[in-house]
Amino acid sequence: MRLPVVILALLVALPLSARADPYRIGLAAPLTGPYAIIGDQMRQGAAAAQAATGAELVLVHDGCSRESGENAARRFVERAVAAVVGFVCTESAEAALPALAEAGIPVISPVIRTVSLTDRRERTGFPFFRLAPRGDAEQAAVSRILLERWRPHLFALIDDGTIYGRELIESFRLEAETAGLSAVFVDTYRPQMENQIGLIGRLRRSGATHALVGGDLEDIAIMARDAAELGYDIVLAGGEALRAAEGEVPLSEGILMIAPPQWHERAAPAVLEGLREAEIEPDGYVLPAHAAVEIAVIAAAAAEDTGRPVEDILLERGFPTVIGTLSFDARGDLEGLDFRLYRHDGETFQPVD
């Protein structure tokens, strides 16, 4: 792949040692199956970073199983990669990490959010790093962002009965009670109904003016539509699930979403333009995979120069990438990736100051 001059000029000059052989970086990505679209995005991003850095990529299929994780680890150890980018499933990553840890090969995942992989770092010794948010980051952000804003209002809490929905609502309820607040209405609704008129009627009778919904985009869109048809002015809010593709019922203006910034929001316009000129659409996991390869190459070069493990380098400094300077905390979680509030303007979600 040959990247346009515009993106090559924007990439920070990497502090690479003068060496004949390129740094070898592993890429664990699903090549087939239900997550193949994620794997394709990761491959595109990694290939763009390869063209920019001169790295050598060792691509191995992540089949989201224990067996595929162990096979991937064997392959990466045999090829003596400096670091591995990827893995989309916890099961395969957990199966790969013991062998990779023994070989001193860290993993940088743009996808996996499972908190135990970093929370248990001291006990397991697994050199796992993530560019994705932690699995518990959304719940904390929803409470932090909405509680102060909704303090003067009557609010309701409703969920769809799924683990995701219940945990989001229960976390907010506990934080609200700690802050001396309580919901005027709490309920579990039946998801995937053609209408939610009954639920909206109960909400209106409760006097709620705001409602946090632990559910998916389609259900929230239907609730907003039904509330508008009944002349009921209520502010509905949801989590990152609202980033899903819209269905038959479009989202209404005024719906709130708490989510992390999308990666393209962190990239310079010229970087996005350069990728598109290279026929790479910077969607999904393209940019974080690109950044992860950049980080791996910089860390490998620094480790070679200093004689220290790549893992140590990853834990102690920031790394310039196409989506800004990134760094990890002591657990291996990405620093500075915070959720924020968005409001739907009738067409798209726009950040709220």
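**Entry 1: burial.** I looked up how much of the protein chain is buried: of its 353 residues, 50% are. I note at the outset that this is a predicted model.

**Entry 2: surface.** I recorded an accessible surface of about 15700 Å² for the protein chain. Carbon and sulfur atoms account for 49% of that surface.

**Entry 3: overall dimensions.** I compared the radius of gyration with the value for a compact globule. For 353 residues that value would be near 20 Å, and the protein chain has 22 Å, so the two agree. Along the principal axes, I found that the C-alpha atoms fill a box of roughly 75 × 45 × 35 Å.

**Entry 4: secondary structure and contacts.** I counted 14 helices and 14 strands in the protein chain. I then turned to contacts between residues at least 6 apart in sequence, and 68% of these join residues at least 24 apart.

**Entry 5: charges.** I listed 32 positive and 52 negative charges in the protein chain. Their mean positions lie 3 Å apart.

**Entry 6: helix α9.** I chose this helix, residues 197-206, for a closer look, and asked which of its residues are buried. They are Leu199, Ile200, Gly201 and Leu203. In an α-helix, residues three or four places apart point the same way, because there are 3.6 residues a turn. I next asked which elements the buried residues of α9 pack against. The partners are two strands, β6 (155-159) and β7 (185-188), together with the helix α10 (217-229). Just after α9 I came upon Gly207, which takes a positive phi of about 85°.

**Entry 7: positive phi outside glycine.** I kept in mind that most residues other than glycine have a negative phi. I examined two residues with a positive value.

Ala80 is one of them, with phi near 55°. I located Ala80 in the loop between α3 (66-78) and β3 (83-86). Is Ala80 buried or exposed? Its relative accessibility is 54%, and the cut-off for exposed is over 50%, so Ala80 counts as exposed.

Glu279 also is not a glycine, and I read its positive phi as about 65°. Where does Glu279 sit? I found Glu279 in the loop between α12 (269-277) and α13 (286-306). With a relative accessible area of 74%, Glu279 is exposed.

**Entry 8: summary.** I close with the two loop residues: Ala80 has a positive phi and is exposed, and Glu279 likewise has a positive phi and is exposed.

Terms used: Residues numbered from 1 in each chain as written. Predicted model: local features only at pLDDT ≥ 70, side-chain atom pairs only at ≥ 80, totals over all residues. Heavy atoms only, no water. Helix = DSSP H or I, 4+ residues; strand = E, 2+ residues; numbered from the N terminus. Rg over C-alpha atoms; globule rule 2.2 N^0.38 Å. Buried < 20%, exposed > 50% of the residue type's maximum accessible area, 1.4 Å probe, protein only. Contact = heavy atoms within 4.5 Å. Areas by Shrake-Rupley, 256 points an atom, 1.4 Å probe, with all protein chains shown as cover. Lys, Arg positive; Asp, Glu negative; His and termini not counted. Charge placed at Lys NZ, Arg CZ, Asp CG, Glu CD.
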